[in-house]
Each structure stands twice: as structure tokens, then as C-alpha cells.
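Subject: Structure for you to look at

Hello,

Here is the structure I said I would pass on. Please open it beside this email and follow along.

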Amino acid sequence: MSSISGEQQDAHEAFIKLLESIHSSLCRRQLRSFQQLQAFSVARPCLLGREGLLSWCEATQAIQCFEDLFEGVLEETRVCTACGLARVESCPSKQAFRCLSLDLINIDRPHFSSVNLLSLLKASYSGQPTEEIDGLLCYRCSLEASIRRFLLDCGASFSAGLAFRRFMRLADGLAPSGAEVLEALRPLGAPPCVLRRRSHLRSFRIKVAPRILTFHMRRLIFGPFGFIKVSNPVRYAEILHADDLGLDGGLYSLSSVMSHLGQAHAGHFITHRVWPKGTPLVEERSVPLCTPSGKVVPWFRMDSSLRILRVLWHRDVGCRLFGKSRQTSKVWVCTNDDDVSEVPAWQALNLPAAYLFFYERCESAAR
């Protein structure tokens, strides 16, 4: 996908921009409906209030639908290497994700060997330590160091004795918090707290998974003369079990695979995707999400974004209500610009240059 100036546009970045555009459009719609709802008064007709309330409810439901489809939540755990204190962060506003990136290069693996998608997921997002971070404040180490300092100074200072007793109660009863709060809890006149910076082992796991799981292969690494493309083939399965990802029971079915053909600075993207059998390969009316040059439109029409959400949401909800599988009869198709053709399943499941994977949750299979 190239922009107007001829510069290459990465498909992963274009996908993230597309989701950002949809989410921004939905948030603007919710804000406008909320402003209309605020304008309601007793002196005005009741119809205005009803329309505003209905519009706000629809906009809020659309945002929830988008988040349920594309947004998940990670759980980040940091373990201090000195005292073993584990701090878990799973706030949706901080740990939300829409696409998970996976590294193809590993120091313990040959440079050009094939890799398994499930193995990469387990190594990166199953709760195993992935990296060591230096210089992070540790609550327990700082608390113990501050208690020792207050104990040494409690004989000469009343405030130090008060701080010693207060911090001892913190060590006995309260749950671990940030080391920065210790200074706020220090009594006036007591010696300053001792903040200790330690190395931490950081790990991630998927806490809340969206209905559509997207995986991105990091095929670009920085070399001595610029970016280099990593050409390691990736082995992937058509069905992913949620238990293998550390989630509750359920299945995720592969719905689309995007591949990159070419080098780091030039190439072409093609997509293999699941298509309902008997449905025309080319629809008469498509949603214009790109300019004629191929660049993703950052602000497209509101009805386009809502149409995408309605198709995905109602299709999935209908399957859960009637207990039917969405892909009872399916075929694989290859989309190469305007050329759309049916391909055998073995070809779609053995692509050597796979770049983006899209897995959809199978609600009926989970039952």
C-alpha cells in the first residue's frame, strides 16, 4: 500500500490507523449525542430528549461492540530480582491492545529456521518472563531500607520513631503499592525515605481476549545499512485452542492471513481469507476505505465504520443465539489487488511470507 508521494505504507500500520479511525469516529458520535442529550430541558419538546437518549445509547453500544471485537487487555507482571515482590498491572486503559506483535529473531534459535506461531505466543504472552528491566523502583526494598534508616534515627528524633512505627504497619498489613507513595506517607520532620532501584523481570499474559485476535510478525530488524527483512517461515494452525493461550475454554479459527512479498523497502501485500461457499467473490457494493492511490483514508464516513461493526457483531451474535457455526461451508480465496480467486486450503495454510494473522472466536465450538 503506497501513499500519494510513492512512499511505502506498512499493512500493519495501516490496519492500526484504520481501527483508530473507526474508534475516533465512534467517540465523536458519542460526544455529539451526549451534547444533544445535555441540551434537553423541560421547556423543550420531549421528542428532542428521546432522540438524544436513543442516539447516545446507540453510540455507546457501538463503542462497546468495537471494543468487544478488536480490543483486549494484557496483564503485565514485574517481579523484583532482589526481594521477589511481584507487581501486577492489568488496567484496561493502560494495558489495552488491538494487535499483538511477535519477534521472529531469537538468540536461542537458528537465524533462518522456521518458527511456530503457537510457540511464539507461549513465549511472549503466556506469563513467562520475556525481558529484564533495570532501574525500576521496588516497593518492598524501599520500605525495608526506609525502616532501617528510621530505626537508626528514632533515638534522636521523635518523627523518625513515628515514621518507624507507621512503616512497620505498612510492612505487616497493607498491600504493595508504588514506591513513590512512601514519601507521601512519611511524617513531617522524619528523615527522607530510601528508594531502592532494582532489576525486574517483566512478563505478559492475555487477560481478556477480543473476538478477533490479530497477530503481527516483526519481520523488520535494523541492520548496519538500514532495515532488513526477516524471511523466516512461520508455521501456523487453522484452529487455536484458548487453553493454549492461557484463556478460558474456546476455539479461535483462522479467518485471514496477509503476506508480504518483497524486501524491506519495497514489496506487495496479498491476502488469503475465508469466504462463505456460494457467495460471490466480488461484492457489487464495497466500502471505500482507501484512496485510489492505495492510502488508507484517516477519516472516512461514519456509516462505513458502523456498517463494518454491524456485520461482524450481528453475524457473531446470531451464531451464538441459534447455536450454528458461521463457517459450516467455507472456501479460501486469495485477494491480489483486483484479482480475487479461489485457492485450495493447503495453500492458504502454508504461506512462507505470512505477516498478519486474523483469528476469530468460535462461540458455537466453545459450547
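Which residue in β17 does Ser-259 stand opposite? Ser-259 stands opposite Ala-354. Before going on, keep in mind that this is a predicted model, and that every value below was computed from it.

**Strand β17 and its partners**

Strand β17 covers residues 354–362. Eight of its nine residues are buried, so the strand is largely enclosed by the rest of the structure. One of its partners is strand β13, residues 251–262. The two run antiparallel, and eight bridges pair them. Strand β8, residues 212–218, is also antiparallel to β17, and here five bridges make the connection. To find the pairing of β8 and β17 on your screen, look for His-216, which stands opposite Leu-356 in β17.

**Salt bridges**

Side chains of opposite charge can pair when their charged atoms come close. The count of salt bridges in this model is eleven. Three of them are described here.

The first to look at joins Glu-58 and Arg-29, with an N to O distance of 3.2 Å. Glu-58 sits in helix α2 (residues 46–70) and Arg-29 in helix α1 (residues 11–38), so the pair links distant parts of the chain, 29 residues apart. Glu-58 is partly exposed at 37% relative accessibility, whereas Arg-29 is buried at 16%.

The next one is between Arg-211 and Asp-68, at 2.5 Å from N to O. Arg-211 is in the loop between β7 and β8, and Asp-68 is in helix α2, so this pair ties together parts that are 143 residues apart in sequence. Arg-211 has a relative accessible area of 8%, which makes it buried. Asp-68, with 24%, is partly exposed. Buried means under 20% here, so a value of 24% falls outside that class.

The last of the three is formed by the side chains of Arg-202 and Glu-76, 3.5 Å apart from N to O. Arg-202 belongs to strand β7 and Glu-76 to strand β1 (residues 72–80), so parts that are 126 residues apart in sequence are tied together. Both partners are buried: Arg-202 has a relative accessible area of 19%, and Glu-76 has 7%. This bridge also belongs to a network, in which salt bridges that share partners join Glu-76, Arg-78, Glu-131 and Arg-202.

**Ser-203**

Beside the salt bridges there is a serine to find. Ser-203 is in strand β7, which spans residues 197–208. Is Ser-203 buried or exposed? Its relative accessibility is 8%, so Ser-203 counts as buried. The side chain of Ser-203 reaches the backbone oxygen of Gly-127 at a distance of 3.4 Å.

**Cysteines**

How many disulfides does the structure hold? It holds zero. Cys-141, for example, is in no disulfide, and the nearest cysteine sulfur, that of Cys-138, is 3.6 Å away. A disulfide needs the two sulfur atoms within 2.5 Å, so this pair does not qualify. Cys-141 is buried, with a relative accessible area of 7%. Cys-193 is another buried cysteine, at 10% relative accessibility.

**On the surface**

Leu-220, Phe-222 and Phe-227 make a nonpolar surface patch of about 350 Å². Within this group, Phe-222 is found in strand β9, residues 220–223. Phe-222 has a relative accessibility of 66% and counts as exposed. The cut-off for exposed is over 50%, so 66% is enough.

**An unusual backbone angle**

Most residues other than glycine have a negative phi, and most peptide bonds are trans. Where is Asp-337 found? Asp-337 lies in the loop between β15 (330–336) and β16 (339–343). The phi of Asp-337 is near 60°, a positive value in a residue other than glycine. At 61% relative accessibility, Asp-337 counts as exposed.

If you go through the structure in this order, begin with strand β17 and its pairing with β13, then turn to the salt bridge of Arg-202 and Glu-76, and end at Asp-337 in its loop.

Regards

Conventions
Residues numbered from 1 in each chain as written. Predicted model: local features only at pLDDT ≥ 70, side-chain atom pairs only at ≥ 80, totals over all residues. Heavy atoms only, no water. Buried < 20%, exposed > 50% of the residue type's maximum accessible area, 1.4 Å probe, protein only. Helix = DSSP H or I, 4+ residues; strand = E, 2+ residues; numbered from the N terminus. Pairing = 2+ DSSP bridges. Patch = residues over 30% accessible without salt bridge, like charges linked within 9 Å, V, L, I, M, F, W, Y side chains within 5 Å. Areas by Shrake-Rupley, 256 points an atom, 1.4 Å probe, with all protein chains shown as cover. Salt bridge = Lys/Arg side-chain N within 4 Å of Asp/Glu carboxyl O. Polar contact = N/O pair within 3.5 Å; in protein donor to acceptor, adjacent residues only side chain to side chain.
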